[in-house]
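Subject: Structure handover

Hello,

Here is the structure for your files. Please look it over before reading on.

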Amino acid sequence: MRVPISWLSDYVAVEMPLADLVTRLSVSSAEVTGIERRGVPDSDGNLGLFRVGRVLEAAKHPGADRLQLCQVDVGEGDARQIVCGAWNFGAGATVAVALPGAVLPNGLTLEQRTVRGQLSDGMILAEDELDVGTDHSGIIVLPEAEPGTPLDDVLPLVDDVLLVEPTGNRPDLLAVYGLAREVAALFGLELAAPPGQDPEQAPDEPVGIEIEDEEGCPRYVARLFYDVAVGPSPVWLRARLFAAGLRPISNAVDVTNYVMAALGNPLHAFDYTTLHEGRVVVRRANAGETLRTLDGVERLLDPADLLIADADRAVALAGIMGGEETEIADSTTEVLLEAANFEPTGIFRTSERLRLRTEGSNRWEKGVDPHLAGQAATLATQLLVETAGARWVGHSDVQGAMPDRPVIRYRPECADEVIGISTSPADQVALLTGLGFDRQGDDVIAPTWRARDVVREIDVVEEIARLRMDEVPFTLPERRAMFGALTRVQRLQRRVEDALAGLGLVETYTPSLRDADADPGAWRLPEPISVELAVLRTRVLPSLIDAVRRNLEIGGAVRIALFEIAHVYLPSNDLPDERTHVAGIVEGGWPRVKGVVDALYAALNAEPQFTRTEDQLLHPGKAASFGAGVVGELYPGLIDGVWGAFEFDLARLAEEAPDEVKFEDVISYPPVREDLAFSVSEEVTAGELVDAAREAVGSELREMRPFDVFRGEQVGSGRKSIAFSVVFQSAERTLTDDDAGELRARIVDAFARRYGAELRGG
Amino acid sequence: VDAETLKSEALSAIAAASTAAELDQARVRYLGRKSELALALREVRDRETGMLLNGVRVALETAVAQRREAIEQAEVARTLAEDVVDVTLPGEELDVGHLHPITQTRREIEDAFIGLGYEVRYDREVETVDYNFDKLAFDAWHPARSHRATFFFDSQRVLRTETSPSQIHALEGREPPIYMVSIGRCYRRDAIDATHFPIFHQFEGLAVDRHIALADLKGTLLHVMRALFGPDRRVRFRTHYFPFTEPSMEPDVSCGICGGEGCRTCRFSGWLEMGGSGMVDPRVFENVGVDPDAWSGFAFGCGIERVAQLKYDFPDIRPLWEGDLRVLTQF
């Protein structure tokens with residue numbers, strides 16, 4: 001919402017520094033996102049060089065067919081000669097004049113000059129040259145005023161426009177008058193009466209209004225005008241609309257926009273002669289009904305849409321946009337003015353469905369005060385009479401159940417409790433009164449324009465809180481219970497992050513939504529914003545493969561290694577099963593990626609168990625599953641070169657990682673170390689042998705690490721030799737050579753029995 | 001033989017030796033088996049002479065040992081002095097990992113709240129309309145319920161639009177007092193630009209206890225903003241509107257670029273918007289069966305990308321989602 005200070009000043013005296021105004025409004029009322037300074041530079045008496053002038057003589061320039069030579073009285077006694085390119089005026093016109101030396105809004109300084117042999121001692125101004133509009137088709141013709149009057153008295157030559165963005169609960173601030181009311185309350189100033197005065201003689205002729213849906217339209221004020229002379233609005237009105245960001249069109253339309261900006265009640269004007277039988281019916285659309293709106297679009301309506309119709313057909317989409325067939329044209333002389341009230345939800349739904357948002361719908365969907373319609377009709381009437389010479393001939397005000405002002409039981413101590421600062425009951429009443437609230441006994445009565453927003457005690461407390469916001473101290477809660485700590489899984493996640501980063505992997509984040517997922521049951525958005533962000537992933541690894549490819553395209557990175565920790569979304573009935581996955585990808589083959597997983601487990605004091613597995617992203621011969629997930633060489637060709645990858649479930653890792661680490665006595669008694677090599681058939685894995693040894697020996701087998709595997713003639717075909725470094729150690733006694741021999745024999749026996757393994761060199 | 005003369009002659013020879021070989025020569029000459037001293041010792045017949053000569057032998061042996069150590073030390077020093085590297089050359093090239101800036105920021109946020117006694121929650125990202133909107137008291141017409149703002153799977157299920165559903169989960173999870181901060185991904189149908197991505201991270205705080213006041217919210221966010229941005233920052237609150245808080249406010253932190261004077265970063269206001277906050281609306285308490293007369297609380301939410309962008313001063317968040325190592329290895 002653009003609020004020109006010059007307009008705001010009609011309703012409240014804006015004399016405080018602009019910065020104070022902006023800060024107070026931002027803190028207590030509505031965000032001010034900017035201030036726009038517009039118009040003529042206000043320095044060194046520049047404004048004094050802009051005057052009202054009267055054209056005394058105007059004739060064709062003797063040396064140029066397209067120019068006029070004018071004598072203009074600017075209140076100096078002698079007239080000034082000014083050459084002008086516009087023809088929309090003649091002798092007697094009151095015009096806006098800039099004198100030589102004047103600096104125009106575009107920064108240029110006007111100088112006395114000679115045009116085709118004739119002195120031009122000033123400039124007659126058009127709207128765009130003063131930055132009060134965009135029109136350059138002719139110069140500004142002012143209403144009658146004394147020549148020499150400072151132009152600033154007639155037009156806002158310099159203005160500041162506040163860019164105000166009220167929140168959705170404050171549609172009352174989407175109006176210059178509403179904002180003025182807020183400013184008056186914040187600064188303790190006098191607020192002018194609402195603008196608009198009905199002519200003394202009101203017509204008694206009714207207008208035919210039928211409201212079929214009082215819920216959707218609680219009120220409809222219709223006023224009928226004859227003898228309307230449609231034409232451009234006066235320059236002051238055009239300038240105000242322009243500054244407020246609304247495009248001037250014609251007086252009849254401009255008046256509706258002006259009233260909307262001034263009071264916050266959107267209006268609509270119909271060409272009365274186009275309404276069949278002169279009737280207005282407010283109803284829901286019929287199935288299959290269509291309406292061609294002002295923007296030229298033929299719209300198929302839904303039975304939920306609220307319409308303005310005449311005797312036969314839809315003529316407007318209530319509150320959102322008028323129809324093309326009934327709009328005001330240059331030839332219009334009879335105008336039916338609508339000052340209605342529409343219920344927000346329906347307007348919101350229709351505007352959503354049609355994807356059609358307008359200044360009107362934006363206000364209605366937030367809830368406009370139904371009591372406002374009367375004042376809006378009054379201001380519009382005054383302006384139509386003044387600016388279009390209209391004659392007011394008919395009037396109707398059809399009302400359904402108008403909402404009462406909310407009566408709220410209010411305890412002032414409640415504000416102190418919630419806010420944490422004391423405000424005396426008397427001070428609270430003073431603050432509330434300034435905002436239009438009344439105090440009656442134990443109750444507070446909210447004003448009509450806040451009736452949707454302030455209905456509970458806590459809502460009244462908010463009014464006090466926002467006005468005292470800057471005075472509220474900074475304290476901390478008085479704690480009685482609760483201690484802060486990460487959960488076990490959260491701590492584990494940090495350890496995993498640190499371990500992987502420590503192993504040289506760079507953490508990355510990739511979108512949880514992808515173009516596709518290997519799981520046909522993956523959750524898919526019916527209306528994605530792009531094909532790339534459409535399906536919730538069930539694995540993280542494919543995103544990391546993409547990230548590696550991007551880095552390879554960029555080039556320059558060596559030994560790429562990435563990891564990510566993120567949710568995956570596994571298909572499930574009501575809601576997807578969201579698991580936290582850890583995935584990584586490293587340049588290099590199986591040994592490197594296996595080393596990463598081994599090191600990660602070691603960092604967590606856990607021992608993984610690996611078994612061969614298959615995974616569509618991994619090399620079929622170099623893929624393993626372990627307790628929490630899978631690890632392997634990336635399937636050849638997915639990315640150029642040899643890559644390793646892993647992906648596992650964090651919660652499952654947490655099940656494997658020991659809760660607590662217990663000291664083992666490795667100091668009191670010496671270990672016995674020996675290397676043992678066994679020949680076994682190819683299909684036996686080192687892991688199986690280690691498991692079997694542990695089972696056979698028990699806790700006195702402290703360590704058994706495979707350190708060499710070889711195949712060759714000595715071992716025989718179909719067999720391999722695996723060498724282990726073995727450590728026997730007891731926590732209770734010194735192991736003798738005989739003890740160690742006995743333990744070794746258990747291993748040899750077990751291996752021979754279960755795997756047909758032979759101890760080599762034994 | 002004159003013991004004293006021999007001794008002084010030998011000591012000077014030992015002292016003069018500057019290499020191990022010279023010292024050895026001196027040792028053989030004065031202490032060797034055929035040395036004058038050795039011969040004399042062999043011939044000693046009286047106790048007095050024996051003690052005297054033995055004293056000389058001990059003195060010479062000590063001197064040789066000391067001299068040997070000195071020569072060896074000098075040689076080590078000489079060798080080391082020649083073994084010089086260019087210390088500016090890089091060391092062995094090890095792989096260096098990095099944590100993503102969002103992770104680093106997340107941890108700072110968590111640590112600030114843990115210090116205040118909060119627990120940390122990570123909740124689900126696919127939510128029901130019930131948790132994402134209804135229980136948080138969003139009006140039927142609230143724009144966030146629009147398909148233009150929110151990712152819907154169907155009429156009942158959405159990608160959460162903020163971390164606020166965690167408030168409901170926390171309140172349903174147990175009786176107050178509750179002090180929690182929820183962190184995670186959120187989703188909105190935002191067009192992608194330098195400061196918007198349809199997926200983003202938020203942290204959401206909730207404190208529910210006896211007699212919690214708006215002043216406590218102000219103090220808590222002041223603490224957290226200073227923990228994140230430094231002890232000199234100021235915090236102000238502007239009135240705002242959110243469905244699930246009343247009163248509602250937006251916190252601003254003073255601009256770190258200009259110190260509050262006004263600059264391009266803060267759009268010449270001196271303040272940076274940091275999110276939303278307010279006192280928990282009684283309707284939310286009623287929706288989860290907590291007595292609003294017995295308990296009160298505050299809640300707030302803030303974008304983590306926003307915090308990270310201000311902390312690390314990056315102009316565009318899009319590269320944070322692309323795994324671009326040129327970007328990620330900076331953090």
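The notes below cover the interface between the chains and then one sheet in chain A.

This is a predicted model.

Interface

Chain A and chain B each put 90 residues into the contact. About 7600 Å² is buried between the two chains, and carbon and sulfur atoms account for 56% of that area. There are 10 salt bridges between chain B and chain A. One of the salt bridges links A:Glu497 to B:Arg106, with 2.8 Å between the closest N and O atoms. Polar contacts across the interface involve 47 residue pairs, counting those with both residues at pLDDT 80 or more. On the side of chain B that touches chain A, the residues divide into 40 nonpolar, 32 charged and 18 polar.

Sheet in chain A

Four strands of chain A form an open sheet in the order E36-E37-E35-E38, with antiparallel pairing. Strands E36 (701-710) and E38 (758-759) of chain A are at the edges; each has a single partner strand, so one side of each lacks a neighbour in the sheet. E38 of chain A is joined to E35 (residues 672-681) of chain A by 2 bridges, and the two run antiparallel. In this part of the sheet, A:Ser679 is opposite A:Glu758.

Two helices of chain A go with the sheet. Helix H17 (residues 686-697) of chain A packs on the sheet and touches E35, E36 and E37 (719-728) of chain A; the direction of H17 is at about 150° to that of E36 of chain A. Helix H18 (residues 737-755) of chain A lies across E35, E36, E37 and E38 of chain A, and runs at about 15° to E35 of chain A.

Regards

How values were computed:
Residues are numbered from 1 along each chain as its sequence is written. Chains are lettered from A and ligands numbered from 1 in the order in which they are written. This is a predicted model: local features need pLDDT of at least 70, side-chain atom pairs count only at pLDDT 80 or more; totals for chains, interfaces and linings use all residues. Side-chain values use heavy atoms; hydrogens and water are left out. Contact means heavy atoms within 4.5 Å. Buried area is the accessible area (1.4 Å probe) that two parts lose on being put together, summed over both. A salt bridge is a side-chain nitrogen of Lys or Arg within 4 Å of a carboxyl oxygen of Asp or Glu. A polar contact is a pair of N or O atoms within 3.5 Å; within protein, one must be able to donate a hydrogen and the other to accept it, and residues adjacent in sequence count only if both atoms are side-chain atoms. Ala, Val, Leu, Ile, Met, Phe, Trp, Tyr, Cys and Pro count as nonpolar, Asp, Glu, Lys and Arg as charged, and the others, Gly among them, as polar. Two strands pair if DSSP finds at least two bridges between them. Axes are lines fitted to C-alpha atoms, for helices over the stretch in contact, and angles run from 0 to 180 degrees between N-to-C directions.
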